[in-house]
Every structure is written in C-alpha cells, then in structure tokens.
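Q: I am new to this structure and would like a close look at a single part of it. Please take me through the sheet, and then say what can be told of the pocket that shares an element with it.

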Amino acid sequence: MKRQLFLDVGNTTIDLLLVEGGKKCRGKFLPSDEKGLDSFLQECGEVDMAFLSSVCQKTSSLVLSLLTERKIPFLLLTQEVMAKACERLGYAIANIDILGQDLFCDLLYQDGPTILADFGTATKILALDSENVFLGGVILPGVPAFPKALSAQTEGIPPLPLLENPPLLSLKTEEAVSSGAINGSAFLVEGYLNAFKKMPGLEKAAVLFTGGNYPLLGERLARYGRYDANIPLLGLKRAFGA
C-alpha cells in the first residue's frame, strides 16, 4: 500500500496531507515552525513519494530541504505537469501559463459546474462550467488583510486583531473594523455567488469553500455550499493522478 504525502506551500501556511489507502493525516504549519514541520515529516515514516505545489519560493526551498534531509522523494507541480493533467482530465484553462498552482489545484478538485471560494492569504473565487472550462476568477484581499490595510492607510486606526463573531454594528473601533473584515468579506462573497449563479452554465453549479480563513465566515456562508480544508491537496493529488 503506497504512502503518499501532498504539500501545499502557501504564503501564510504549509498544509500537508498524508494518504495511505483510505486513511488520511493532515498537518498545518507556519513557515517559521521548521521544528514542527520536521517533526511531522519524521512521524510520517517511510513515504513512497511527496507531491508539492507552491506559490512561495522561499518557503518552498525550506520544505524541499527538509524532504531531502528526510530522504523523502518528491515531485514538483510544474507547468508541464499542469498541462498534461488538463489534457488527461479534459480541462480547458486558457490562462494556465500564469495561473497560480494553488488555484490550479482548487480547480482540479472536482469536475464542473463548480464555483469555488478559497479563503487563504487572498480570497479567490473561481468558476468552472459543465465542460470543465475555466471561466475566470475574482481575487480579493484576504480577511486578515482588511485591518492591516486600514492601519497602514489611516492615522486614526492602530493595528488591531481580528475579533471572531463581531456584531454587524458597533460603537467600538475594534468591533467595527472586525465587522468590516469578516461581515464585509461575507457580503462580498455572497454577492459574487448570487451573481455567478445567474450566469449561463452556472445556474446549478455546486458551491465549495476551502482555505484557512473560512471558519471566520463559515456561519454566514454555510447555506451556500460545502467546506473542505483538503481541496487544494486533493486537487494536487488528482493533478498527478496519484
């Protein structure tokens, strides 16, 4: 039975999924937690092959160094692998030469019609029609970016932490900023989902959510679709036909 490791190296976190038969073990680490990541790799034991997608060269170099030290063989998601996966699976992605590896893996998670919102460092919303043609996407600031942008651009708002479940309205700056970030992001995504659902070919599209910041918005968007934290990793698995 093969033991395979899938790694999604993002700008904020490193997500891992160890798959052996029907069993799955997931890990999530900050790039600064090299010790924790190395411990996870050690606990994985003997791995037949690791598969890696990355949007961050610096963090990717760290991960590859650890894989090499642990003598874990690996394959990288490249433009060639992406093109071959599209041909094998019947996907038409016109901008594949510039599309981020993370978004590519999102798209390959399942056949269309699908609308997928990925709440990572940036919030991305992608649309795939019934013929697996990528119609395009929307890129928004990630939820934590809102208070950072306000602090950087305004004199009266200091750096503020995100407060979970903020009220819709508040007389307190901290709560008002968190409402803008969390409730505002939910309203933006909800508006896009409703608009996409009116587009030809997307009326009956399945709606999927993924990304580490989704729990901040989950109760506001859950009625629209299903959440799966492993979507990029399972899409990576499909890209390699693993």
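A: What follows describes the sheet, the helix lying across it, and then the largest pocket. The model is predicted.

The sheet is open and is formed by 5 strands, in the order β3-β2-β1-β4-β5. Its pairing is mixed. At the edges stand β3, residues 23–29, and β5, residues 74–76, and each of these pairs on one side only. From one strand to the next, the twist averages 20 degrees.

Within this order, β1 is followed by β4. Strand β1 covers residues 3–9 and strand β4 residues 49–54; the two run parallel and are joined by 6 bridges. One position in this pairing can be named: Leu7 stands opposite Leu52 in β4.

A helix also belongs to this picture. Helix α1, residues 34–44, lies across β1, β2 and β3. Strand β2 covers residues 14–20. Relative to the edge strand β3, helix α1 runs at about 165 degrees.

Strand β3 leads on to the largest pocket, as one of the elements that give two or more residues to its lining. The others are α4 (101–107), β6 (114–119), β7 (122–128), α5 (145–153) and α8 (231–239). The volume of this pocket is about 620 Å³. Its lining has 30 residues, and Asp118, Gly120, Thr121, Ala122 and Lys124 lie nearest the centre. Sorted by class, 11 lining residues are nonpolar, 11 are polar and 8 are charged.

Key: Residues are numbered from 1 along each chain as its sequence is written. This is a predicted model: local features need pLDDT of at least 70, side-chain atom pairs count only at pLDDT 80 or more; totals for chains, interfaces and linings use all residues. Side-chain values use heavy atoms; hydrogens and water are left out. Two strands pair if DSSP finds at least two bridges between them. Helices (H or I, at least four residues) and strands (E, at least two) are DSSP runs, numbered from the N terminus. Axes are lines fitted to C-alpha atoms, for helices over the stretch in contact, and angles run from 0 to 180 degrees between N-to-C directions. Contact means heavy atoms within 4.5 Å. On a 1 Å grid over the protein atoms alone, a cavity is a set of points where a 1.4 Å probe fits but cannot get out, and a pocket is an open set with protein on both sides within 12 Å along at least five of seven lines; lining residues have an atom within 4 Å of a point. Grid points are joined across faces, edges and corners, and a volume is the space filled by probe spheres set on the points. Ala, Val, Leu, Ile, Met, Phe, Trp, Tyr, Cys and Pro count as nonpolar, Asp, Glu, Lys and Arg as charged, and the others, Gly among them, as polar.
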